[in-house]
Amino acid sequence: MRTKIRIILLLTASLMSAGIHAQKFKSLAQTPPMGWNSWNTFGTDINEQLVKDIADAFVTKGLKEAGYEYIVLDDGWMSMERDPSGNLIADPKKFPGGMKALVDYVHSKGLKFGLYNCAGIKTCAGYPGSRGHEYQDALLYASWGVDYLKYDWCNTEKINAESAYITMRNALYSAGRPVVFSICEWGDNQPWTWGKDVGHLWRISGDITNCWDCELDHGSWSSWGVMKIVEMRRDKRLRQYSGHSHWNDLDMMEVGNGMTVYEDKSHFALWCMLASPLIMGNDLRNASQETLNILKNKEVIAVNQDLLGKEGFRFYAEGDLEIWVKPLSNGEWALAFLNRGSGTLKLNFDWKKHERIEDALNNLYLDFKKRTWKIRDLFNKTDLGDTKGILNKELKEHDVLMVKLTSTN
Ligand code: GLA
């Protein structure tokens, strides 16, 4: 009897110590992850050739060079049933060469590979979820060489969100292969309050859709336009929770999926100002030059990837004009002047009238009285003088002017 108790105590102690040591892979995602995800354009209609074509497009179209790294297969990559040992199977019709060979192909291009699964019994599209198979699935992903896991929240009635995500985090850690862990819980259980030590990014809302400011009602759930998601983030006061290796995820981007070029530009600018992961969601095989110019703009991307790792904030909103601000490393700042309205906006911005923009959270401020700042138009890659003058610009419906300020004194 005593031996039995001792064994139980030993087992409990070792389980507890495994729990204590398990953690997320802390060195990953020091800046917001950049990549591509299949869902927004392809839904479950995905296959091996598509992934190869996307990997090729990353290289030939300069996306890899611009910093995009992860190719993530969303829902629909599995067979509907696990095998008799309980292992997930990559759908043999969609992936005849098997997942390992496909991951090797992506790696051979110098890129990283991601997969999707779900904390529930089934994924949102009805494929087998990870509930009860977390450690087994993590081992399988590691054996395939997976670098990123998006982990969803469908079919999770009566499950505690934090514990469910911790279980998967621990499983990934035990499997030993560094994986970026993307918490896709839609913000229902405030992942920003517990996600920092669990994952590298967390969704803050329901799904995005390709419109500027709409809500698409699907009955029991809605999907949201770009500005709706931006508003949700503000209402929930999320800025304080984001930082190196733990980012507020505003969802995969809809750039190139049907909005106007000005809307696409503003959408991209906001994702950069707000330090959101930059996960493209369009068909890169036939993306237009206009779309690629937005997605690949290195000066704009640099704001997102800035090493200070601070999320921006809206400091001004009057009429149709919103001004967003993001502190950068080296004492620089990014500003985005956004026309929310449906007409053309004539911007006449007198810097001195604002004197000082304060980032109280980080104890940083931008002073226009004591200092003069050089202005760089980031989308156009041109210099716009300095802050002694007045900034004049015409902004079309839903267009944005994004600038970087560098002190001259
Ligand atoms: C949820 C997620 C989406 C996508 C789908 C897949 O809706 O929020 O991003 O992964 O599931 O079924």
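Q: Buried means under 20% relative accessible area and exposed means over 50%; in this predicted model, which of these two words applies to H398, and why?

A: H398 has a relative accessibility of 8%, and because the cut-off for buried is under 20%, H398 counts as buried. The residue is found in the loop between β19 (390-395) and β20 (400-407).

Q: What makes the approach of the H398 side chain to R340 a polar contact?

A: The side chain of H398 reaches the backbone oxygen of R340 at 3.4 Å, and since a polar contact requires a pair of N or O atoms within 3.5 Å, the pair at 3.4 Å meets that distance limit.

Q: Which residues does H398 touch, leaving aside those up to four places away in sequence?

A: Contact is taken as heavy atoms within 4.5 Å, and by that criterion H398 touches W212, Y262, E263, S266, L338, N339, R340 and G341. R340 is thus both a contact of H398 and the residue whose backbone oxygen the H398 side chain reaches.

Q: Is A90 buried or exposed, and how do you know?

A: A90 has a relative accessible area of 11%, and because buried means under 20%, A90 is buried. Its place is in the loop between β2 (70-72) and α5 (99-108), and, not counting residues up to four places away in sequence, A90 touches W77, M78, S79, F95, M99 and W144.

Q: How far is A90 from N380, in sequence and in space?

A: A90 and N380 are 290 residues apart in sequence, and their C-alpha atoms are 44 Å apart in space.

Q: Which residues are closest to the ligand, and how many surround the ligand?

A: 13 residues surround the ligand, and the closest are D74, D75, K150, D152 and D207.

Q: How do you know that D74, K150 and D207 make polar contacts with the ligand?

A: The limit is a pair of N or O atoms within 3.5 Å. An N or O atom in the side chain of D74 is 2.7 Å from an oxygen atom of the ligand, a polar side-chain atom of K150 also lies 2.7 Å from a ligand oxygen, and for the side chain of D207 the distance is 2.5 Å. Each of these distances falls within 3.5 Å, so each pair qualifies as a polar contact.

Q: What makes a space a cavity here, and how many cavities of 30 Å³ or more does a search of the whole structure find?

A: A cavity is a space where a 1.4 Å probe fits but cannot get out, and the search finds two of 30 Å³ or more. The largest cavity has a volume of about 90 Å³, while the second largest has about 30 Å³.

Q: Which residues line the largest cavity, and which strands supply at least two of them?

A: The lining consists of N37, V72, Y148, K150, S182, C184, L201, R203, D249, D251, M252 and I279, with β4 (148-152) and β6 (201-203) each supplying at least two residues. By class, the lining has six nonpolar, two polar and four charged residues. K150 appears in this lining and is also among the residues closest to the ligand.

Q: How is the lining of the largest pocket made up?

A: The largest pocket encloses about 440 Å³ of space and is lined by 23 residues, with C124, C154, W186, D207 and W221 nearest its centre. The elements giving two or more residues to this lining are β4 and β8 (222-224), and the lining divides into eleven nonpolar, four polar and eight charged residues.

Q: Which element gives the most to the lining of the second largest pocket?

A: This pocket has a volume of about 220 Å³, and α9 gives the most to its lining, with three residues; α9 (226-235) and β11 (313-318) each supply at least two. By class the lining has four nonpolar, one polar and six charged residues, including R233, R234 and D235.

Q: Which residues of α9 are buried, and what covers them?

A: The buried residues of α9 are V226, M227, I229, V230, M232 and R233, and their cover includes β8, α10 (261-273), β11, β12 (321-327) and β13 (333-339). R233 is therefore under the 20% cut-off, and R233 also lines the second largest pocket. Just after α9, R237 takes a positive phi of about 50°.

Notes: Residues are numbered from 1 along each chain as its sequence is written. This is a predicted model: local features need pLDDT of at least 70, side-chain atom pairs count only at pLDDT 80 or more; totals for chains, interfaces and linings use all residues. Side-chain values use heavy atoms; hydrogens and water are left out. On a 1 Å grid over the protein atoms alone, a cavity is a set of points where a 1.4 Å probe fits but cannot get out, and a pocket is an open set with protein on both sides within 12 Å along at least five of seven lines; lining residues have an atom within 4 Å of a point. Grid points are joined across faces, edges and corners, and a volume is the space filled by probe spheres set on the points. Helices (H or I, at least four residues) and strands (E, at least two) are DSSP runs, numbered from the N terminus. Ala, Val, Leu, Ile, Met, Phe, Trp, Tyr, Cys and Pro count as nonpolar, Asp, Glu, Lys and Arg as charged, and the others, Gly among them, as polar. Buried means under 20% relative accessible area, exposed over 50%, partly exposed in between (1.4 Å probe, protein chains only). A polar contact is a pair of N or O atoms within 3.5 Å; within protein, one must be able to donate a hydrogen and the other to accept it, and residues adjacent in sequence count only if both atoms are side-chain atoms. A residue is near a molecule or strand if one of its heavy atoms lies within 4 Å of it.
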